[in-house]
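Colleague: Could you take me through this model, beginning with how far it can be trusted and going on to the chain contact and one group of strands?

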Amino acid sequence: MASEPAAHQDARQGRSAGQYLANHLRDYGMVLALIAIMAFFQVMTDGTLLRPVNITNLFLQNSYIIIMALGMLLVIVAGHIDLSVGSVVGFVGALAAVMMVNWDWSIYLTIPCCLMVGILIGAAQGYWIAYWRIPSFIVTLAGMLVFRGASLWLLAGQSVGPFPRQFQALSTGFIPDVLPFVKTMFGVERMNGFAVVTGLVIAGLIVWMGLRSRARNQAYGMVGEPMSFFILRNLLVSGAIVFVSYKLATFRGLPNVLITMGVLTIIYAFVTESTVLGRRIYALGGNEKAAKLSGIRTERLTFLTFVNMGMLAALAGLIFAARLNTATPKAGVSFELDVIAAVFIGGASMSGGVGKIVGAVVGAFIMGVMNNGMSIMGIGIDYQQVIKGLVLLAAVIFDVYNKNKQS
Amino acid sequence: MKPLLEMRSITKTFPGVKALNAVNLTVMEGEIHALVGENGAGKSTLMKVLSGVYPSGSYEGEIHYDGQLAAFSGIRESEAVGIIIIHQELALVPLLSIAENLFIGNERARNGVVDWHETFQRTEALLKKVGLSEAPGTLVDRIGVGKQQLVEIAKALSKDVRLLILDEPTSALSEKDSQALLDLLTELKAQGVTSIIISHKLNEVRSIADRVTVIRDGSTISTLDARGEALTEDQIIRDMVGRDMAQRFPARDSKPGDILMEVRDWNVWHPEHTERQVIRNACLNVRAGEVVGIAGLMGSGRTELAMSIFGRSYGRRISGEVFIGGAPADVSTVDRSIAAGLAYVTEDRKHLGLVLDDTIQRNITLANLPEVASMGVISEAREVRVAEGFRKAINIRTPGVFQKVGNLSGGNQQKVVLSKWLFADPKVLILDEPTRGIDVGAKYEIYGIINKLVADGKGVLMISSELPELLGMCDRIYVMNEGALVGELTAAEASQERIMSFIVRS
């Protein structure tokens, strides 16, 4: 096989930008789709979409979907599904309301208790799925009914609220401007200096980390993306971050939920891509039997993905309740469908083993921007549903088409 | 005799690859024609061209069938003239009955209503023809693979087959079932059915085929006459691999050391039929630097024994003791077994051994991820170095370790599975059918890897259905029958006859 290393080299060097794009069409396609959709609505809404107040709203409206999409991605990658998250959102919101309003508990007691209840719910469902091998579809369908009923019972059919200010800040609060001198430096009247600086720092960090991992990959001879793509991608991403943070700065600064969501996204992206735990979840979803025979405790891992999902659903429930400032029996209805759709639009596979955190987040934003844009345009909820359904179908068809073409 | 089928200079190109290059194949009426070649040589592609899976027009060259130019645009058209393929992976519906499976797509029906009387009657007649004594209403998943193969042949007969093509028909069968199948083919030949048989088992080819066509790298190398005694397996192998194979098993100095693994009084019950004992009082040992074989028929409990030892991956009510390096070992779960120094290379690499959608690199490290991670964070650079190391050391033929293993050939997939377990650095490797479904060249390489392992002081327990392989590789062979180890032979004592006599007499 003397000729093989030579052929190997050729394959690397001969890889043109076009071929690279063809192989990674899915990854770029989704981001491009998001940009295209945003551009479309920016024009159609006469610039309303990217106004500071609306960008802030976009984050507030979609934060709980994105937070749940992080957990749902793990569940779907592991080869399962969780239909109960919408009801868990409602139930935890109702529980928080009862604790704070009816029982006068402090939020420092309420929040940990609610998260713990989410973990227990996830554990209860995960137990049957992982150790008894009852299909997750059935267990969580049952959970969906149970927790919807339980929240109705908790609230006795009424809406409960309002909540203490501190609790509302979970969702509608903003990080105060701790760097007031920035705006005097720039001479801008209404600008949150902290938001701008944070945006710049994060953009810089992303470029720096990208360069570092690129250098490391090249040192080990791993095939990376062409330089042109690297520059373009980083310009786009860091540009978008700086742009968004500037826009937010001119309104009220960084929303608390944006920080929560951002930190969680980074943690989950890191866990899935770089840790033993993440790798094992992908192996479990890719081939459960092979994973098990490789020494991976598949039952425990499945169980843990549901525990995690329960915790994130509880967090989303708290944030959603805080945003509405009231708990209603209808809270969270059909959220599970938005979350699942976001994960699939983001490129996860129904059969497990495939999918990325970043994909799920972009998928959630695609849904979110469409919701928001269509609402601003005054398109009726009837058309909105139809269009969202078709987008989900198109994204998955695009996936399957791409896969067939490659093989 | 006149030719039934002539394929003339068939060329089939896929984007970037010439899979077939001017291949010629002539099959005489009423003969059994063997088609042999290494994996990836183009045998299956040629058969897909013939059956119309690749429709006429998508390839160059001509097919003459029964004296006429044939241009099939789909599998239905080729079936209509009596060309039937039975694929390696059987196309039966497990939860339907034999009768229903026989007439799938060809239902005996009046106005869309199935005529069960006729269906069952015809099924009985067909089953008689193939020598299968099962009730037509039996569900297909209740009968073994050997019998399922017969059902496939009965299905072919129901379609008035003239040219029967079998792709690796005996690769999953025991010796006994294989023999029954080969006898049936001879009988069908007497009734005028022509067959093409694709096989890696050259002894079968020698015993049953009238002529042999060897394909290598998409070209016809030779067509040999297999009647009489003149043709030897070595001749066929030489044409298949394009070089002289001095021997089929690489030489090794056998220097067994101390006992590395010992299993005492191992008993296992069936996971579903709880009253059935699958393994009875098995006792065995493997020394350092020793290859120990387990021979036995399909269903004798070899895989069940291995899997129950390896983290209780099979069975219930398991009792017995395992000692590794003289000390009792905890093998109650797979991760503990790995930690104790065991590795199990499964016989079913696609379903149990590999994550097909993942890359080579990620498959190799799967059983020992902590080794390429610090504090739970994987270092991809370290991982690539490990995978590249194995790619070079055991010659995994691929442009890079970022390839999906699903795209590799069987032999290369097996090397990835082996790499995975070598990276876990076990003391004892249990290899379950390590060369099933892979070609002669790759087999030789795998034998080389096994020899190197034992030279490094590891112990190997090898399960195989191919007796020549066990005889060629092992220092010692246990014979298994109906869940019990019924005999033990040293390399010097062992022969096919002695192994079989243990099985028959136990």
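The questions and answers below concern a predicted model.

Colleague: Over which residues of chain A is the pLDDT below 50?

Modeller: Chain A as a whole has a mean pLDDT of 88, with 92% of its residues reaching 70 or more. One stretch nevertheless falls below 50, and beyond near neighbours in sequence it has seven contacts in the model. Where pLDDT is low, the predicted coordinates should not be read in detail. The stretch to treat with that caution is residues 1-14 of chain A.

Colleague: Which element gives the largest share of the side of chain A that touches chain B?

Modeller: The contact draws on 25 residues from chain A and 30 residues from chain B. On the side of chain A, the elements that give two or more residues are helix 1 (4-13), helix 13 (276-286) and helix 14 (288-293), and the residues of that side divide into 12 nonpolar, eight polar and five charged. The largest share, five residues, comes from helix 13 of chain A.

Colleague: In chain B, which strand is joined to strand 11 by six bridges?

Modeller: Strand 11 (residues 211-216) of chain B pairs in the parallel sense with strand 3 (residues 32-36) of chain B over four bridges, and there B:His33 stands opposite B:Arg211. The six bridges belong to an antiparallel pairing, in which B:Val214 has B:Ser222 as its bridge partner. The two strands of this pairing form a hairpin with two residues between them, and B:Asp217 in the turn has a positive phi of about 50°. The strand asked for is strand 12 (residues 219-225) of chain B.

Note on methods. Residues are numbered from 1 along each chain as its sequence is written. Chains are lettered from A and ligands numbered from 1 in the order in which they are written. This is a predicted model: local features need pLDDT of at least 70, side-chain atom pairs count only at pLDDT 80 or more; totals for chains, interfaces and linings use all residues. Two residues are in contact if their C-beta atoms, placed from the backbone, lie within 7 Å. Ala, Val, Leu, Ile, Met, Phe, Trp, Tyr, Cys and Pro count as nonpolar, Asp, Glu, Lys and Arg as charged, and the others, Gly among them, as polar. pLDDT is the predictor's confidence in each residue, from 0 to 100. Two strands pair if DSSP finds at least two bridges between them.
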